[in-house]
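Please look first at the sequence and the model shown below, and then read on. The report begins with the ligand and its surroundings and then turns to the strands.

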Amino acid sequence: MRAISGAALQATLDEITAEMRAATERGRVANYIPPLAAVPDSRFGIAVVLGTGEVHVAGDADEAFSIQSISKVFALTLALGAVGDQLWNRVGREPSGSAFNSIVQLETEHGIPRNPFINAGAIVVCDVLLGRLQPREAIGQLLRFVRELAGDDTIAIDESVARAEQDTGFTNRALANYMRAFGNIHGEVELVLGTYFHFCALAMSCRQLAMAGRYLMAGGISDGHRVITDKRARRINAVMMSCGQYDNSGDFAYRIGLPGKSGVGGGILAVAPGIASIAVWSPGLNPSGNSQLGQMALERLVQRTGWSVFEPR
Ligand code: DON
């Protein structure tokens with residue numbers, strides 16, 4: 001890994017932002033709900049929090065966006081905290097090679113989703129959290145958790161997004177009901193989904209997201225406080241690396257070489273263990289539902305910094 005100064009990193013982020021602003025192939029903004037469809041595809045932001053605590057941002061890094069499936073990382077962290085490794089009896093940790101909302105594997109795999117980052121897996125994670133909490137409490141717990149991780153109490157859930165998810169979430173309803181038929185959803189489907197939709201509706205900026213991801217960069221420690229064990233942080237990063245971009249995860253590992261989790265709002269949280277927590281946002285998506293320019297920006301960042309985990313240390 002090449003050492004990079006704060007000034008050089010800032011210059012790199014500014015350069016990447018200028019390149020992404022000029023890009024013509026920007027992907028397609030999610031249009032399954034109006035609040036996401038309304039986000040202009042011109043937006044681009046990036047934030048990097050270094051292990052030293054130094055923060056560098058560029059572009060629209062302070063504009064809040066819908067983090068969508070990135071919330072699956074925080075929900076997984078809470079569920080592992082609640083029930084420990086027993087979680088893995090109800091959800092796997094293998095890449096699915098299928099779309100984020102696919103139902104096909106659930107039939108042959110008896111209602112056990114491949115991993116906690118596809119929709120079916122995240123719905124099981126919500127059900128696990130509801131084994132101990134009411135939906136309102138679970139939503140409050142997640143919100144408090146990300147606020148604490150980011151050190152920012154202004155982070156909120158966008159209720160208009162949660163409502164729109166609720167109105168259109170027929171595939172998620174199918175997934176949850178199908179898993180319930182296999183006995184892998186224990187609670188009331190509508191309550192589990194209501195929780196899941198609120199998690200997806202968390203609104204955060206790149207700066208807030210990169211701050212919230214510090215515990216994954218720093219062996220489970222954020223702001224001097226232990227959030228999870230170092231072993232658990234390593235393992236969450238491993239699942240992010242292998243499953244964080246759905247059927248596009250292999251390509252992400254190949255091009256970028258970092259644990260990362262995407263959301264259909266166009267955000268990606270990426271982690272360079274021991275080095276940096278990175279959040280990038282551009283709403284146009286590739287065919288797998290991951291930010292087109294977000295991935296390209298991360299690819300350029302790792303090329304210019306040598307931060308890929310596959311770079312000789
Ligand atoms: O449940 C859904 O389908 C969406 N609310 C979230 C999916 C998502 O972010 C997939 N990510 N790329």
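How far does a polar side-chain atom of Tyr32 lie from a nitrogen atom of the ligand? The distance is 3.2 Å, which fits the definition of a polar contact as a pair of N or O atoms within 3.5 Å. This is a predicted model, in which local features need pLDDT of at least 70 and side-chain atom pairs count only at pLDDT 80 or more, while totals for chains, interfaces and linings use all residues. Residues are numbered from 1 along each chain as its sequence is written, and side-chain values use heavy atoms, with hydrogens and water left out.

The table lists polar contacts between side chains and the ligand.

| Residue | Ligand atom | Distance |
|---|---|---|
| Tyr32 | nitrogen | 3.2 Å |
| Asn119 | oxygen | 3.0 Å |
| Glu165 | nitrogen | 2.9 Å |

Taken alone, the ligand exposes 340 Å², and the protein buries 96% of that, where accessible areas come from the Shrake-Rupley method with a 1.4 Å probe. There are 14 residues around the ligand (a residue counts as near if one of its heavy atoms lies within 4 Å), and those that come nearest are Gln68, Ser69, Glu165, Asn172 and Tyr196. This shell divides into 6 nonpolar, 7 polar and 1 charged, with Asp, Glu, Lys and Arg counted as charged and Gly among the polar residues.

The strands are DSSP runs of E with at least two residues, numbered from the N terminus, and two of them pair if DSSP finds at least two bridges between them. Strand β2 (residues 45–50) and strand β3 (residues 55–59) pair in the antiparallel sense over 5 bridges, and Val49 in this pairing stands opposite Val55 in β3. The two strands form a hairpin with 4 residues between them, and Gly53 in the turn has a positive phi of about 100 degrees.

An open sheet of 3 strands has the order β4-β6-β5, with antiparallel pairing. Its edge strands are β4 (65–66) and β5 (156–157), each of which pairs on one side only. Strand β5 is joined to strand β6 (residues 202–204) by 2 bridges, and Ile157 stands opposite Leu202 in β6.

Note on methods:
Polar contact = N/O pair within 3.5 Å; in protein donor to acceptor, adjacent residues only side chain to side chain.
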